[in-house]
Amino acid sequence: MNTAQHKNVAVRETPDRYGAFPRLTSEQLQDLTAHGERRRTTEGEVLYREGEPFREFLAILSGTVEILQDHGGPQERTVAAHGPGRFLGELGMLEGQAAFDTAVVRQGGEILAVPVERQRTLIGRDPVLGDLILRAYLGRRYLLIGLGAGFRILGSCYSRDTLRLREFAARNRLPHRWLDLERDKEAEALLRRFSIRPEETPVVLWKGERVLRNPSNAELARLIGLPAPTAQSAQCDVLVVGAGPAGLAAAVYGASDGLTTISVDAVATGGQAGTSSRIENYLGFPSGISGGELIERAVLQAHKFGARLMVPAQVNGLVPQDDDYVVTFTDGSQVRAGAVVLASGVRYRRLEVPGIAGLEGISVYYAATVHEASLCEADPVAVVGGGNSAGQAALFLAHHASRVHLLVRGSDLNADMSRYLVDQVERHPKIEVRLHTEVRGASGTDKLESLSVEDNANGERRMLRAAALFVFIGARPRTEWLRGLLALDEKGFVLTGADAQAVADATQWDSLGRGPLLLETSLPGVFASGDVRSGSVKRVASATGEGAMAIRLVHEHRDNVGNLVRTAGPEEPRPGTGQPVA
């Protein structure tokens with residue numbers, strides 16, 4: 001239905017079946033009124049527009065508002081309709097992103113408008129209101145993703161750059177739709193409409209009019225409003241490298257302590273935790289929580305306390321300068337930081353068997369999110385690995401695939417997987433566990449069709465039908481750029497504490513009158529937390545704890561000014577906090 005057809009048609013309010021469209025109470029509306037202004041609306045008025053940044057939090061006092069995708073375009077459709085008591089917007093409002101839809105008044109009335117910055121503060125102060133809005137916004141974001149709203153990626157399934165853009169969009173939980181040049185009939189029409197040559201693909205189409213030809217991740221981030229780095233140099237008290245659970249915890253605690261904090265990540269906030277369908281052993285969430293929701297809550301906390309998050313930002317250098325460190329990025333920008341927290345995590349190891357390389361990103365994946373699951377509906381799939389990540393992926397995929405084959409190299413599922421996951425995996429009717437089984441090859445032309453698997457106990461081989469393969473076979477640290485800068489163990493993980501002291505340059509520490517602190521590396525003022533740290537427990541909860549602990553140790557380091565150990569008096573404030581040293 002186009003805009004002209006809407007004029008004389010009553011719009012029904014969308015039912016709130018999934019908690020994405022709650023209604024504010026009269027008390028909550030009254031509280032919000034003190035922070036905003038009441039404003040009359042007229043039929044046909046556009047309250048915010050797709051592609052433009054949110055500037056206000058809008059609650060409906062009277063009248064009706066319709067949320068539209070591709071407003072005024074040939075594919076215009078209704079996302080939702082809201083009446084009195086409901087509020088507008090979605091997750092992008094809290095994270096500074098552009099709107100992915102358009103809000104149009106269908107029945108004139110009155111709205112309450114609160115500036116976005118003020119609303120973010122209110123959410124932090126009022127946990128009940130904050131939880132209501134955040135849950136609704138998360139639900140709306142996943143609804144938009146499911147609808148294929150947002151920008152469109154037009155490219156071949158055989159293109160590495162197409163895979164890169166799709167992965168970036170999926171990992172950052174950005175609403176988008178992929179049109180495959182090889183299979184989608186709409187793709188050819190779009191190529192002609194925008195005069196795009198096949199060699200110029202992949203392209204990103206935004207708002208039905210703007211075309212980005214093979215954009216970098218940073219260019220796509222700027223289009224959507226993600227806070228990508230700029231060429232200007234910045235300065236901060238703490239730079240956090242990595243935005244998984246450890247990095248986000250460091251950002252939250254650093255900023256809440258009054259330290260100017262910048263957190264950067266090469267791909268997306270969340271790390272591996274952000275791709276987890278459900279985390280069930282995280283303290284305080286007895287029914288479990290999705291990795292996406294946990295990360296979005298952490299991102300909101302970091303924003304609330306004033307931390308600056310930049311994605312994508314690839315670090316490639318770390319140089320001591322006076323008592324600070326200058327960190328450089330691949331785009332040439334720099335940040336000068338008084339302390340650095342390394343929380344860059346790990347990446348999954350690739351499966352090196354014949355036939356796999358050509359299918360990666362097409363039907364061989366190293367994460368199991370809604371994005372990948374949607375590509376293998378009603379087909380059998382295989383998961384390789386025996387750890388928690390593999391178990392969580394198998395359970396999640398069982399909701400989408402006709403059957404899930406869990407291929408485990410060892411002879412005991414309990415060896416590396418938590419007991420609660422083992423119980424669920426073994427009880428699930430759609431999951432078949434194959435112990436002492438290894439993949440020896442993959443077959444398929446355009447996509448995966450079957451796997452050659454071997455029983456490593458008796459050497460027997462067989463073919464296994466599978467439309468997709470999900471690989472979770474261990475990980476390696478993201479520390480290539482740190483080699484030669486600080487001490488790493490034989491596997492590339494960062495040494496800290498006593499392990500770092502054993503190989504550190506003593507002359508760097510003598511003037512400080514101390515050795516490396518518990519999470520400190522072989523360089524003073526550079527700390528490591530989470531999966532990237534040698535000897536760490538590879539769990540979300542422990543990574544979060546280490547991120548918070550790293551900030552406590554940053555304060556201890558900052559108490560050492562220059563080459564002298566400073567002893568603070570009882571009323572002397574801790575640097576960067578304005579608070580007395582305890």
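This passage describes selected helices, strands and one cavity of a predicted model.

Because the model is predicted, local features are reported only where pLDDT is at least 70 and side-chain atom pairs only at pLDDT 80 or more, whereas totals for chains, interfaces and linings use all residues. Residues are numbered from 1 along each chain as its sequence is written, and side-chain values rest on heavy atoms, with hydrogens and water left out.

Helices and strands are DSSP runs numbered from the N terminus (H or I and at least four residues for a helix, E and at least two for a strand). In helix H4, which spans residues 116–125, the buried residues (buried means under 20% relative accessible area, exposed over 50%, and partly exposed in between, with a 1.4 Å probe and protein chains only) are Val116, Gln119, Arg120, Leu122 and Ile123. These residues lie on the same side of H4, because they cover an arc of only 160° around the axis, the arc being that of the directions from the helix axis to the C-beta atoms. Glu117 and Arg125, on the other side of H4, are exposed. The cover over the buried residues of H4, in terms of contact (heavy atoms within 4.5 Å), includes helix H2 (26–33), strand S3 (56–69), helix H3 (91–95), strand S5 (102–115), H5 and helix H10 (291–305).

Helix H8 (residues 217–224) has Asn217, Leu220, Ala221, Leu223 and Ile224 buried. They are placed on the same side of H8, because the arc that they cover around the axis is only 160°. Strand S6 (151–155), helix H6 (160–171), strand S8 (203–206) and strand S9 (210–213) are among the elements that cover the buried residues of H8, and the helix is followed by Gly225, whose phi is positive, near 105°.

Helix H7 (residues 185–193) contains Ala187, which is buried with a relative accessible area of 1%. Apart from neighbours within four places in sequence, Ala187 is in contact with Leu154, Leu179, Asp180 and Leu181; Leu154 is 33 residues away from Ala187 in sequence, yet the two are 6.8 Å apart in space, C-alpha to C-alpha.

Strand pairing, for which DSSP must find at least two bridges between two strands, takes both senses here. An open sheet of 5 strands, in the order S17-S24-S18-S19-S20, has parallel pairing, and its edge strands, S17 (364–365) and S20 (431–434), each pair on one side only. Within this order, S18 (residues 380–384) and S19 (residues 403–407) pair over 5 bridges, and Ala382 stands opposite His405 in S19. By contrast, S13 (residues 315–321) and S14 (residues 324–329) pair in the antiparallel sense over 6 bridges, with Phe329 in S14 as the bridge partner of Val315. The hairpin of S13 and S14 has 2 residues between the strands, and Asp322 takes a positive phi near 55°.

The structure holds 2 cavities of 30 Å³ or more, a cavity being a set of points, on a 1 Å grid over the protein atoms alone, where a 1.4 Å probe fits but cannot get out, with lining residues having an atom within 4 Å of a point. The second largest cavity has about 90 Å³ of space, a volume being the space filled by probe spheres set on the points. Strand S4 (77–82) and helix H5 (127–147) are the elements that give two or more residues to its lining, which includes Phe21, Tyr48, His82, Asp101 and Arg140.

Key: 1 Å grid on protein atoms, 1.4 Å probe; cavity = no way out; pocket = protein on both sides within 12 Å on 5 of 7 lines; lining within 4 Å.
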